[in-house]
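Biologist: Could you walk me through this model and show me how each label is earned?

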Amino acid sequence: MLALLAESAVATLSFPPLSGRVVDAADVIPAATRATLDQKLKDLEDKSGIQLVVATVKSLDGADIETYANELFRTWKLGEKVKNNGVLLLVAPTERKVRIEVGYGLEGTLTDAISKLIIVNAIAPRFKAGDYGGGIERGVEDIVTTLSTDSGEWEKRPQLRAEDHSLLQNFITPLILIPIFLFVFFSIRRNLATPGARQLVRRGNSTVFIPVSTPWGSSTWGGSSSGSFSSGGDFSGGGGSSGGGGASGSW
């Protein structure tokens, strides 16, 4: 009987369509912040395959936020089907509730405890001040930082902030890029010195250089994106699921 009642309650829930990485159905996020968030979420997805989506809703339709978030996550099928690497940051301004819902595959990294810390330290204080855009943006920064940092560091340092991680990245990134640049430079130079590595084509009075091969075995210089959830401007979930991992809060 209780199971039937639960199924009936879920059936009455209404969800906004998954129109992008930021779904602001409650209209509480400034346009400039939405654009910034969308780019951050796209960068995360392109680099790691993790699909993090932000959603605000006008109402939870009488449900608790845990139930609503889990059903919304499953309806949108966030993350890849095999990896279940999706995350949902859900905000319900009317009920003054917020939740971070985590896919099965990320529960060991974005743990319940860390999700709670992010809500308490980064999101809720700004929501209390009426700064929904700032709270969501800071929450997203901390989620992304967590997914890019050893979770043990967060457990040892509850006050770890996104800025700390950014400073570390600013120091380490050049050290990583220098050897990569040197490798690419000398590889291209070696290829140019190899017979058959290039073709010269006469076009009018000018000579055009056409690369035939590169160190990566491609005939073009362009890169490829690792994102797998959007195509031709469309956006959708990849078939992932969640078992209720994450944390909730209020303000």
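Modeller: Here is a walk through the charged pairs, the sheet, the cores and the rings. This is a predicted model, where local features need pLDDT of at least 70, side-chain atom pairs count only at pLDDT 80 or more, and totals for chains, interfaces and linings use all residues. Residues are numbered from 1 along each chain as its sequence is written, and side-chain values use heavy atoms, with hydrogens and water left out.

Biologist: Why is the contact of Glu137 and Lys40 called a salt bridge?

Modeller: The term asks for a side-chain nitrogen of Lys or Arg within 4 Å of a carboxyl oxygen of Asp or Glu. For Glu137 and Lys40 the N to O distance is 3.4 Å, so the pair meets the rule. Glu137 lies in helix α5 (residues 132–147) and Lys40 in helix α2 (residues 31–48), so the pair ties together parts that are 97 residues apart in sequence. Helices here are DSSP runs of H or I with at least four residues, strands are runs of E with at least two, and both are numbered from the N terminus.

Biologist: What makes Lys40 part of a network?

Modeller: Lys40 also forms a salt bridge with Glu141, with the closest N and O atoms 2.9 Å apart. Glu141 is in helix α5 and Lys40 in helix α2, so this pair connects parts 101 residues apart in sequence. Salt bridges with shared partners thus join Lys40, Glu137 and Glu141 into one network. The structure holds six salt bridges, and another one pairs Lys42 with Asp46 at 2.7 Å between the closest N and O atoms. Lys42 and Asp46 are four residues apart in helix α2, separated by about one helical turn.

Biologist: How do you know that Lys40 is partly exposed?

Modeller: Buried means under 20% relative accessible area, exposed means over 50%, and partly exposed is in between (1.4 Å probe, protein chains only). Lys40 has 27%, so it falls in the middle class. Glu141 at 25% is partly exposed, and so is Lys42 at 32%.

Biologist: What makes β1 and β9 edge strands?

Modeller: Five strands form an open sheet in the order β1-β2-β3-β4-β9, with mixed pairing. β1 (22–24) and β9 (245–250) each have a single partner strand, so one side of each is left without a neighbour in the sheet.

Biologist: How do you know that β3 and β4 pair?

Modeller: Two strands pair if DSSP finds at least two bridges between them. Strand β3 (residues 86–92) and strand β4 (residues 97–102) have six bridges in the antiparallel sense, so they qualify. Leu88 stands opposite Glu101 in β4.

Biologist: Which residues touch the most other members of the largest nonpolar core?

Modeller: A nonpolar core is a set of buried Ala, Val, Leu, Ile, Met, Phe, Trp, Tyr and Cys residues joined through side-chain atoms within 4.5 Å. The largest one has 30 residues, and Ile100, Leu110 and Ile136 touch the most other members. Helix α4 gives the most to this core, with seven residues. A second, separate core of 18 residues includes Leu18, Val53, Ile65 and Leu88.

Biologist: How do you know whether Gly240 is buried or exposed?

Modeller: Gly240 has a relative accessible area of 3%, and that is under the limit for buried, so it is called buried. The place of Gly240 is in the loop between β8 (234–235) and β9.

Biologist: Why is the pair of Phe15 and Tyr68 called edge-to-face?

Modeller: Rings of Phe, Tyr and Trp (its six-membered ring) pair if their centres lie within 6.5 Å; planes under 30 degrees apart count as stacked, over 60 as edge-to-face and the rest as tilted. Phe15 and Tyr68 show 5.0 Å centre to centre and 75° between the planes, so both the pairing and the edge-to-face label hold. Phe15 is partly exposed at 26%, whereas Tyr68 is buried at 1%.

Biologist: What makes Phe127 and Trp251 an edge-to-face pair?

Modeller: Their centres are 4.8 Å apart with 65° between the planes, so they pass the rule as well. Both Phe127 and Trp251 are buried, and ring pairs link Phe127, Tyr132 and Trp251 into a cluster.
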